[in-house]
Amino acid sequence: MRGATITTYVAGSQAQRMIVMGPVACTAMNNTTLSYDWTLENGMIIYPVAVEDPGALRDCLDAAYADLFEAAGAGDG
């Protein structure tokens, strides 16, 4: 997940990290991922009626990201 390849600034100050929040209107779930400054940020918003077991969803996403990092040669992530 490639994000900004240059240092970014907001009102003259260097951004220290990105806080990821995707659009939520009329969605059951939003999962947004962004990289910045050698970090990988993931923000998720879920509608609890649509996702009955958010813990299981989290576990599946953890496993999927671990697989992604392993495939990329990133070790434990």
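Hi everyone. Let me open with a definition: the expected span of a helix is 1.5 Å times one less than its number of residues. Keep that in mind for a moment. One caution before we go on: this is a predicted model.

Now to the helix itself. Helix H1 covers residues 54–71, which makes 18 residues, and at 1.5 Å a residue it should span 26 Å. The C-alpha atoms at its ends are 26 Å apart, so the model agrees with the expected value.

Which residues of H1 are buried? They are Leu57, Leu61 and Tyr65. Looking down the axis of H1, you find these buried residues within an arc of 65 degrees, so they line one face of the helix. There is a handy rule behind that kind of pattern: an α-helix has 3.6 residues a turn, so residues three or four places apart point the same way. And what does the buried side of H1 pack against? Its buried residues pack against two strands, S3 (29–36) and S4 (39–46). On the face turned away from the buried side, H1 carries the exposed residues Cys60, Asp67 and Glu70.

Let's stay with Tyr65 for a minute. Its relative accessibility is 17%, and buried means under 20%, so Tyr65 counts as buried. Tyr65 also has an aromatic partner in H1: Phe69 sits 4 residues away from Tyr65, about one turn of the helix. The count of aromatic pairs comes to 1. In the pair of Tyr65 and Phe69, the ring centres are 6.2 Å apart and the planes meet at 35 degrees, so the pair is tilted.

Stepping back to the whole chain, we have 1 helix and 4 strands. From the N terminus on, the order is β-β-β-β-α. The radius of gyration is 15 Å, well over the 11 Å that the globule rule gives for 77 residues, so the chain is more spread out than a compact globule. Along its principal axes, the C-alpha trace spans about 45 × 35 × 15 Å. Buried residues make up 17% of the 77 residues. The chain exposes about 6,000 Å², and carbon and sulfur atoms supply 57% of that area.

Next, a residue in one of the strands. Thr32 is found in strand S3, and with a relative accessible area of 23% Thr32 is partly exposed. Leaving aside residues up to four places away in sequence, Thr32 touches Val20, Gly22, Glu41, Asn42 and Gly43. Thr32 and Gly73 are 41 residues apart in sequence, and their C-alpha atoms are 22 Å apart in space.

That brings me to backbone angles. Gly73 comes just after H1 and takes a positive phi of about 75 degrees. For background, most residues other than glycine have a negative phi. Which loop holds Ala11? Ala11 lies between strand S1 (9–10) and strand S2 (13–14), and its phi is near 55 degrees, a positive value in a residue other than glycine. Ala11 is exposed, at 85% relative accessible area. Cys26 lies in the loop between S2 and S3. Cys26 is not a glycine either, yet it has a positive phi of about 60 degrees. With a relative accessible area of 86%, Cys26 is exposed.

That's my tour, and thanks for listening!

How values were computed: Residues are numbered from 1 along each chain as its sequence is written. This is a predicted model: local features need pLDDT of at least 70, side-chain atom pairs count only at pLDDT 80 or more; totals for chains, interfaces and linings use all residues. Side-chain values use heavy atoms; hydrogens and water are left out. Buried means under 20% relative accessible area, exposed over 50%, partly exposed in between (1.4 Å probe, protein chains only). The arc is that of the directions from the helix axis to the C-beta atoms. Contact means heavy atoms within 4.5 Å. Rings of Phe, Tyr and Trp (its six-membered ring) pair if their centres lie within 6.5 Å; planes under 30 degrees apart count as stacked, over 60 as edge-to-face and the rest as tilted. The radius of gyration is taken over C-alpha atoms; the globule rule is 2.2 Å times the number of residues to the power 0.38. Accessible areas come from the Shrake-Rupley method with a 1.4 Å probe; for residues, only the protein chains shown count as cover.
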